[in-house]
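Student: I would like a close look at a single part of this model, the open sheet and the helices that pack on it. Please set that part in the context of the chain around it.

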Amino acid sequence: MKTLRIAALAAAFGIAGSIGGMARAADTGVATGDTAGKKIALSNSYAGNSWRQQMLKTWNRATADAIAAHLIKQTKVVNANASAPEQANQIESLIVEGWDAIVINAASPTALNGVIQEACDQHIVVVVFDGLATAPCAYKVAYDYTSMGKMEADFVGKHLDGKGNVLEVRGIAGVSVDDDIHKGIIEGFAADPGIKLAGSVHGNWTQTIAQREVASVLPSLPPINAVVTQGGDGWGTYEAFKAAGRPTPLIIFGNRQDELALWHDLLKADPKYDTFSASSAPGCASVAFWVAQQVLAGKTVPKMITLPLPVIHAADLDAWLKVMPPGSVATPVYTQAWTAQVIDANAAGVAPPASPIAKAGDM
Amino acid sequence: MPAEPGAGRAETLRALLPALALAAMLALIVYLQPRAMSYNGMRLLLNFSLPLIFAALAQLCVIAASDIDLGLGAFIGLVNSLSALLLATRPLLGALAMLACVLAYAGMGAFIAVRRLPSIVVTLGASFVWLGLALLVLPTPGGSAPEWLAALVRLKPPLLPLPVVFAIALAAFGHWFFMRSSYGVVLRGIGGAPQAVARAGWSLLAGRAALYGLAGVFGCLAGLLLTGLNTTGDANFGAPYTLLSIAAVIVGGGEFTGGIVAPVGAVLGAFIMLLTGSLLSFMDVSTDWQLSVQGAILIVVLGTRALQRQAAA
């Protein structure tokens, strides 16, 4: 903590600005280097769905806080229309404009690598998140989706005492997130030979599609004890079971407000209805922002940062529902302090702190 | 050269308008962001014009025949997918695939000429064929650009950035071919006065096939440059180029009918369309407006021309 005191002393003498880039609060914790004059932009590949809209909202909240606290000077959001060439062109404009850091939700894992390298060459800090890019010079903020699948499989295996039929509702075919969650589920069930994957459909993370797809396979399936999902598909799955007159199985939910409200109702009808809910959080944009700010402040940050998924258990259900408007996805706006903890955990190779419960107004 | 002095002034205005518009845009950009003035700034701003200027020239070939190509974007996506998949690992097969793409385009032109079909229908139908083929060879984004292609788009020639060098060369070639060479005049005649061209003994079929074949060549080059810039393939990458290329030709002084085209203007038009995004960004206007602004430019250009014609009449 000695460096912290020196930094504070320097600030007291009004010379923090001149050594700003160098100041660092030891190796752990929040780096306090002067970033008051820095500008951080967001290049977002697509803004046309509610998850992305919420993502932009958390970005705006986090950056507004940072500007009010004089941690950065300016921010800007640039949206591409799901087109990688358009996004690459926009990032090139941002490079010309001289932003200190560019945070990117990429339209393609590889198509932006050239322009990202270009930005790094101009000493711009690049942080990619959610839609990752593979450019080696970029900091990557990502979820471990395989562990999410495994968590679901473990929960279901334990709950069914290692015996029963499971239906898998998957996401959009060909997207890496879907592959990763699926892989985790298969890995998890490998430990439970009594569990049988009776069927699998693609619900595309959309309630109405999940409902239609589940309804169309249900007649061909044996009694289903549990459904593993990927988020945005739990409510539709429940509706399909209800319409088919089948008993409600154990459904893993995915942090959407309609799913949590349904879970609340199911619990009221049957207090023993046991499940949990997990999904990626749109708030990862705020983590990516603070990662960029911390790099600018002089913190040593590993190139790969794995985020914990927000997991909701029955005990926290009411607290979450209270702060979630209809149609939203559960997410906190992450803070600088929490981000620093996650960075330190990743650097040390230990489990990161759990994702906190959202405050009112976060969504 | 038009004999009538009034028409001559209109012609000069038509040729000057895109140049003036681009100059005004560049002045505004440099005023807002002086950094853009440098070699590196220009290179970054204009890098993605490389595929667009070739796409504009491809569209110009088709519009010269008084046709319109609604499948160009999908075709560029197909070339992007094929080249990313094949050129790096199996260059010979990749080159053959490129050749097949060009021949397919020439064949499409011949088909339109023989069956006297509306190009808008044939090219729209073909766009689904291109997209389908692209998805067939490359269902998920991937592949890689051959090293020489990636190196080409990274070239930093002295004095002028690569996109500007390409633009000047392409505009010069287009101007020579369409406006100066005798076969170029014949080809424009296919769009302007097909009966006269036929009566003079030229084959309309061969002419249209040549125009579409040339469009295929330029479309192929656009797709290849896109592969070089993105270093990867995606069936959907090409999609925006259909409308952008049409807009570039029209803003550059071309007309939908009559075989009236301006190769130099089309290249300038491509820059204008591309720079709207950067200009909005520098003006701190949300980029969500980019499509609307590009559309508005097109409407303004077409509207002014209609007014001009009214005034002349």
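Tutor: What follows begins with the chain as a whole, turns to the sheet, and then moves outward to other parts of the chain. The model is predicted, and every value below is computed from it.

Chain A has 13 helices and 12 strands. The radius of gyration of chain A is 22 Å, close to the 21 Å that the globule rule gives for 363 residues, so chain A is as compact as a globular protein of that length. Along the principal axes, the C-alpha atoms of chain A occupy a box of roughly 70 × 45 × 35 Å, and 52% of the 363 residues count as buried. Among the contacts in chain A with a separation of 6 or more, 72% come from residues 24 or more positions apart.

Within this chain, the open sheet is built from four strands in the order β7-β6-β8-β9, and the pairing is parallel. The edges are taken by β7 (195-202) and β9 (250-251) of chain A, each of which has a single partner strand, so one side of each is left without a neighbour in the sheet. Strand β6 (residues 164-170) of chain A pairs with strand β8 (residues 226-228) of chain A through three bridges, in the parallel sense; in this pairing L167(A) stands opposite V227(A) of β8(A).

Helix α7 (residues 176-189) of chain A packs on the sheet and touches β6, β7 and β8 of chain A, with its direction at about 170° to that of β6(A). Helix α8 (residues 207-217) of chain A lies across β6 and β7 of chain A, and runs at about 130° to β7(A). Both β6 and β7 of chain A are thus touched by α7(A) and crossed by α8(A).

The loop between α6 (145-159) and β6 of chain A, which leads into the sheet, holds D161(A). Most residues other than glycine have a negative phi, yet D161(A) has a positive phi of about 55° although it is not a glycine. With a threshold of 12 or fewer C-beta neighbours for an exposed residue, D161(A) counts as exposed because 10 lie inside 10 Å. H70(A), in the loop between α3 and β2 of chain A, likewise has a positive phi, of about 60°, although it is not a glycine; H70(A) is exposed, with 11 other C-beta atoms within 10 Å.

Helix α3 (residues 50-68) of chain A also packs against helix α11 (residues 284-296) of chain A, their axes coming within 8 Å and crossing at roughly 35°, and this crossing is right-handed. On α3(A) the contact involves M55(A), T58(A), W59(A), R61(A), A62(A), T63(A) and A66(A), and on α11(A) it involves A285(A), S286(A), F289(A), W290(A) and Q293(A). By class, these residues divide into seven nonpolar, four polar and one charged.

Finally, chain A meets a second chain: 22 residues of chain A are in contact with 26 residues of chain B. On the side of chain A that touches chain B, β2 (74-79), α4 (84-97) and α5 (113-121) of chain A each supply at least two residues, and α4(A) gives the most, with 11 residues. That side of chain A has seven nonpolar, 11 polar and four charged residues.

Methods. Residues numbered from 1 in each chain as written. Chains lettered and ligands numbered in written order. Predicted model: local features only at pLDDT ≥ 70, side-chain atom pairs only at ≥ 80, totals over all residues. Contact = placed C-beta atoms within 7 Å. Nonpolar A, V, L, I, M, F, W, Y, C, P; charged D, E, K, R; others polar. Axes fitted to C-alpha atoms, helices over the stretch in contact; angles between N-to-C directions. Left-handed = near helix turned anticlockwise from the far one by under 90°. Pairing = 2+ DSSP bridges. Rg over C-alpha atoms; globule rule 2.2 N^0.38 Å. Buried ≥ 20, exposed ≤ 12 C-beta atoms within 10 Å, placed from the backbone.
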